[in-house]
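Here are my comments on the model you sent, set out as numbered points. Please read them with the coordinates open.

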Amino acid sequence: MILLGAFSGSHDASAALFDDYRMIAAVAQERLTRIKADGGRFPDEGVDEVLAITGLARRDVDVVALGRGPFPASWYRHLHGLRGLEARTRETLGRAKPKSMERELARLGHADSASIFDAPRFLADACFRPDCAVRFFNHHQAHALPTLFHTDWDDALLYTADGGGDNVQWSARIFRDGRLTTMWGGDEAFARASAIDSLGLAYGFATEALGFRMNRHEGKVTGLAAFGEPTVADRLATRFRVADDGQITSDFASNEDMRAFVFALAREASREDLSASIQHVLEEKILAAVRRLLERHGVRRLGLSGGVFANVRLNQRLAEETPVGEVFVYPAMSDAGLPAGGILQVLLERDGIEPWLDRRYALDHLYYGRDHGDRADAVFRSTPGLARIADDPVDAVPRLLVEGKAVGLFTLGAEYGPRALGARSILAAPTDSRINDALNRRLARSEFMPFAPVIAAADAEEVFDLPAASRLAARFMTVTCRVRERWRDRIPAAVHVDGTARPQLIERAPNPLYFDILARYKQLTGVPVLINTSFNVHEEPIVNAPDEAARALLDDRVDAVATAGGVWARGRR
């Protein structure tokens, strides 16, 4: 059975494709349209891409799993009277305005998506078979389920947090004795007004108050926090409360009230101190909530997802300061990961929990985008101004890195999620901290954190103080840890001001080229670490296709680009 997941949220629209329980392709819409955080409409480009990757067409899809995002008004069945007239008029005039299903259900006070959605019209308009099944998934359940499906846990707290989705901002689910129980954050939330309780949204308001872009630049706030003091944290913390059952609430009357409060704090505190304050409150409140849930329910694994858990410092504290044996942060933790989780919800509802659990498997990679293969070299070969400078990237790239060069890596399929993990990465030596400023200037970035280190899993214990609970998360660069004292001066470009780093632990099988370049660099230098940062210019999505990598090379963003077939640089043939 071919299942397609699609999410059309206001940002991070995306699509994923499964052959029954096996994910076979996934992509964020922004990678294709080149519009950062693209969303707000049905992700047609993403749908076509995941199908093309697998050689399938829309007529081959058996089930479409949809999130409750914006859809054309013509796909709704309940718009009558003046609202229906307005929608039809806008469509006639070519000014159609998508309507959020989440808001429509909240207005109606129920979660019955099928009752208001014109599935036959959708299937016809979107060119799927008339007998294709249409299902809707819950936002937070779709966040949560992959953290259980891609582990072998027999108990867990599945905890989600973001700016909001399906009328809630948090969810908690307990898995134990083969049963999965929703504590809160399910479809029942549509029957009541949305709570004003989102620390993720408060963090977004702080991002905005500092002059950055909400839902895009929160990582800058996390980086700045290490340089400041939480001077206004107490004033913000008093507005949020953690109940005995672990639910977080606030006394803000509205989100506008919360935003005004955070902006007022920003006028009093330096940008570093405001960042430290919002980071401190986020960490302390979520730590308290998770501890209470773990104590109450007696589980010892922790699955995290939702945009809040892109915050790697928070994830470190949860791994180190709660009594859990393992933490797994779903690598596509933002809304871009919802289509995969939505399909897992459909499969759970179809088969029940026991067969679903029997089909679980560990993620060994995230390379679910298009693998361009030899076409990448063909593009570089035909691009004026580029020349092949080496045939063997494993031999040539480490030598370039020792010389202080920055090398883009373009191989396999693009990663699913926000992290570059060796398919669309830029590599550099970690031994000179000046590379941070130099490379940031070339990429038009203004980051406040060092680049992340990549290391072979077998070498990680030598360099990093990485608890056992964090190792699974560290495979996908979703947690920070302390760098051992003896290594901090040897890899300064990868160490933050607080002595931590955000490592990626790798094995050879998923990406031999990546692993072998790192191994050869270690052989040359004795240093088992390389810098890995995403292959993109500031405010642009990570490169997806070969021509984008070629343009970055021509624009002097990197010194060379390595593929499985060779190394390319600017110059005459």
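1. The coordinates are those of a predicted model, and I begin with its interior. The largest nonpolar core has 95 residues, and the residues with the most contacts inside it are Leu157, Tyr159, Ile248, Ile286, Leu302, Phe309 and Leu318. Helix α11, which spans residues 271–297, gives the most to this core, with 10 residues. Apart from this core lies another, of 41 residues, which includes Met23, Phe175, Ala332 and Leu472.

2. Leu157 deserves a separate look. Leaving aside residues up to four places away in sequence, Leu157 touches Ala172, Arg173 and Ile174, and its further contacts are Val290, Leu293, Leu294, Val299, Arg301, Leu302 and Gly303.

3. The next point concerns the strands β8, β9 and β10. Strand β8 (residues 155–165) is joined to β9 by 8 bridges, the two running antiparallel, and within this pairing Tyr159 stands opposite Ala172 in β9. The two strands form a hairpin with 2 residues between them, and Asp166 in the turn has a positive phi of about 55°.

4. On the β10 side, β9 pairs with strand β10 (residues 179–184) in the antiparallel sense over 5 bridges, and Arg173 has Thr182 as its bridge partner in β10. β9 and β10 likewise form a hairpin with 2 residues between them, where Asp177 in the turn has a positive phi of about 55°. Strand β9 itself (residues 168–176) is mostly covered, since 8 of its 9 residues are buried.

5. A further sheet should be described separately. Its 5 strands form an open sheet in the order β3-β2-β1-β4-β7, with mixed pairing. The edge strands, each pairing on one side only, are β3 (22–28) and β7 (133–136), and the twist averages 20° from one strand to the next. Within this sheet, strand β1 (residues 2–7) and strand β2 (residues 14–19) run antiparallel and are joined by 6 bridges; Leu3 has Phe18 as its bridge partner in β2.

6. How do helices α16 and α21 lie relative to each other, and at what angle do their axes cross? The axes of α16 (residues 393–402) and α21 (residues 512–525) come within 8 Å and cross at roughly 55°, and the two helices are therefore oblique to each other. Their crossing is right-handed. The contact is made from α16 by residues including Pro393, Val394, Val397 and Leu401, and from α21 by residues among them Leu513, Ile517, Tyr521 and Leu524.

Technical notes: Residues are numbered from 1 along each chain as its sequence is written. This is a predicted model: local features need pLDDT of at least 70, side-chain atom pairs count only at pLDDT 80 or more; totals for chains, interfaces and linings use all residues. Side-chain values use heavy atoms; hydrogens and water are left out. A nonpolar core is a set of buried Ala, Val, Leu, Ile, Met, Phe, Trp, Tyr and Cys residues joined through side-chain atoms within 4.5 Å. Buried means under 20% relative accessible area, exposed over 50%, partly exposed in between (1.4 Å probe, protein chains only). Helices (H or I, at least four residues) and strands (E, at least two) are DSSP runs, numbered from the N terminus. Contact means heavy atoms within 4.5 Å. Two strands pair if DSSP finds at least two bridges between them. Axes are lines fitted to C-alpha atoms, for helices over the stretch in contact, and angles run from 0 to 180 degrees between N-to-C directions. Angles under 35 degrees count as roughly parallel, over 145 as roughly antiparallel, 65 to 115 as roughly perpendicular and the rest as oblique. A crossing is left-handed if the near helix is turned anticlockwise from the far one by less than a right angle, and right-handed if clockwise.
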